[in-house]
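User: I am new to this structure and would like to know how its labels are justified. Please set each value against its definition.

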Amino acid sequence: MKASRFHLITLKETPVDAEIVSHQLMLRAGLIRRLSSGIYSWMPLGLRILRKVETIVREEMNRSGAMELLMPSVQPAELWQESGRWDQFGPELLRFHDRHQRDCCLGPTHEEVIADIFRRDIKSYKQLPVNFYQIQTKFRDEIRPRFGVMRSREFIMKDAYSFHVDQQSLQQTYELMYQTYSNIFDRFGLAYRSVNADSGSIGGNTSHEFHVLADSGEDAIAFSDQSDYAANVEMASATPQETRREESLAIMETIDTPNLRTIHELVGTLDTDIRKCLKTLIVESEEDGLVALVLRGDHELNPLKAEKLAGVSCPLRFADKDKIKLQLDSDIGSLGPVNIGIPTYVDSSAAKVSDFICGANTNDKHLINVNWGRDCDEPVAVDIRNVVNGDPSPDGNGKLKILRGIEVGHIFQLGQRYSEAMQATVLDENGKSVVTTMGCYGIGVTRVVAAAIEQNNDDSGIYWPTALAPFQLVICPLNYNKSPQVKEKADQLYNQCLQASIDVLLDDRPLRPGVMFSDMELIGVPHRIVLSERGLKAEQFEYKGRRDETSQDLALQDLSEFLKKLFPEACETIA
């Protein structure tokens, strides 16, 4: 491709409405253009990258034995009503009427459609297992789309759906998909982690997320420093760092704490260790009552863990302050586990603390030197907090570290949630109708592009992994339109690269070298060769890798061998 014939529009200034690096650089590099809130056009340069992501995904999915199809974006309401999600999905589901006033939606996902295809076409267990996938545009009407294509309303996704006669078959395909996803992300050339995860609104019991590691990631993931253990912080089991509770003979006392309502206010005023302060959170019970949850002051409640406790409302709901005042005769900030009078769960780390400080269940008063089993009942110790750096790894090997990640892939064992609701059945070996078991496997194709940029950028712009780069090599001929020698050598090299199937860009635009180089660094081409009259006279060319600090001058006679080393897959066709 010659740059003079390519639609390459770059921006010097960062758009003011772009909040994160990937959004800023995608706009500046001309990868995308905003059409409306959360909806973007993919420009020629961005589409080249998008197609490379799709190609890798498609090749690995095909290698796994999955079969590609393409399902409609527009879906009839009847299918969603069958599954029960028409009313459950919420306002993210864009609903509309066609000209005959029939209810329809723009598909945010395709479980219902694939189940309908399955029940029409597949009748026998002998046709199983089967795994269908598509690469398709989705639409979710986000209330606040942001971060460019990272959280947009319209996006491209690879979604796959497998059907099985039993759980054992599903497990086999699930493990195959796990390995397939690992192969895909390995080929992307991105640093990533696969983690145990919550299945969320899709449903199912077992799931794993695939996260591209980046400081800007919305998700926190925990991993062991000595093993392969990794999990979303929401799912990671929290083990106390302390192995036992220290004994104490200190006497419990009541102290005045006027206007101290938060842990940090308490710690600052009393000049004490936050780990010695326990906070009591009040949530709704299943029977419209109250439940107390007690944690150490430096720990955060994990709502997913808490809502699984017996008697606690699901989804978790924090109690209204007026209800708390009415039933407990105290305001939030002055509550504690001593004689609180409602069911109480204590986090396992808080249960290890002795001589702790807590609310006295009287406004503007706290208790000090409180001890479990003496001043209040021995706690019902449970895991209700998020893990933190330094916690023991749940698998017993090493300690946990916390990193930020961007979720770009998610695989689920759906079970029979959709197949049962939509009668996706087959006849088993005895001629009996059985409900199939489903798996679901998704990759955010457009999100992969943004996540790659979040992980691979510097002050000059993007530096793509080779597999995702819009071009592998750029030839920058100085004075291309003025110097016959430069033009001849540049054209010769360009044609040589094309014949070798190297993805090459010839920057033949009449630009100053600095502008030309800045553009190529911004869009992230991994390799750059510069040809100039001075260099040709010295029988040299200049090379610079995108992440190299300086360029190097190399002998022109070695250019072919140099290209073979850069692109070994093209060795046979490079003269």
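User: Which sign does the phi of G30 take, just after α1?

Analyst: The phi of G30 is positive, about 75°. This is a predicted model, in which local features need pLDDT of at least 70 and side-chain atom pairs count only at pLDDT 80 or more, while totals for chains, interfaces and linings use all residues. Residues are numbered from 1 along each chain as its sequence is written, and side-chain values use heavy atoms, with hydrogens and water left out.

User: What makes α1 a mostly covered helix?

Analyst: Helices here are DSSP runs of H or I with at least four residues, strands are runs of E with at least two, and both are numbered from the N terminus. A residue is buried under 20% relative accessible area, exposed over 50% and partly exposed in between (1.4 Å probe, protein chains only). In α1 (residues 21-28), 6 of the 8 residues are buried, namely S22, H23, L25, M26, L27 and R28. Their cover includes β1 (32-36), β2 (39-42), α11 (445-455) and α13 (513-523).

User: Why is S285 called buried?

Analyst: The relative accessible area of S285 is 10%, and the limit for buried is under 20%, so S285 is buried. S285 sits in the loop between β14 (278-284) and β15 (290-296). Beyond its neighbours within four places in sequence, S285 has contacts (heavy atoms within 4.5 Å) with L290, V291, G311, V312, S313 and R317.

User: What does the side chain of S285 reach, and at what distance?

Analyst: The side chain of S285 reaches the backbone nitrogen of G289 at 2.7 Å. A polar contact is a pair of N or O atoms within 3.5 Å; within protein, one must be able to donate a hydrogen and the other to accept it, and residues adjacent in sequence count only if both atoms are side-chain atoms.

User: Why are N259 and N339 called exposed?

Analyst: The cut-off for exposed is over 50%. N259 has a relative accessible area of 63% and is therefore exposed; N339 has 72% and is therefore exposed. N259 lies in the loop between β13 (253-256) and α7 (263-270), and N339 in the loop between α9 and β16 (344-347).

User: What is notable about the phi of N259 and of N339?

Analyst: Most residues other than glycine have a negative phi. N259 is not a glycine, yet its phi is near 65°. N339 is not a glycine either, and its phi is about 55°.

User: Which peptide bond leading to P315 is cis, and what is its omega?

Analyst: The bond between C314 and P315 is cis, with omega about 5°. P315 belongs to the loop between α8 (303-306) and α9 (321-328). Another cis bond runs from L128 to P129, with omega near 0°.

User: How do you know that β13 and β18 pair?

Analyst: Two strands pair if DSSP finds at least two bridges between them. β13 and β18 (residues 365-370) have 4 bridges, in the antiparallel sense, so the definition of pairing is met. One of the bridge partnerships links E253 to I368 in β18.

User: In what order do the strands of the open sheet containing β13 lie?

Analyst: The order is β13-β18-β17, 3 strands with antiparallel pairing. The edge strands are β13 and β17 (356-359), as each pairs on one side only.
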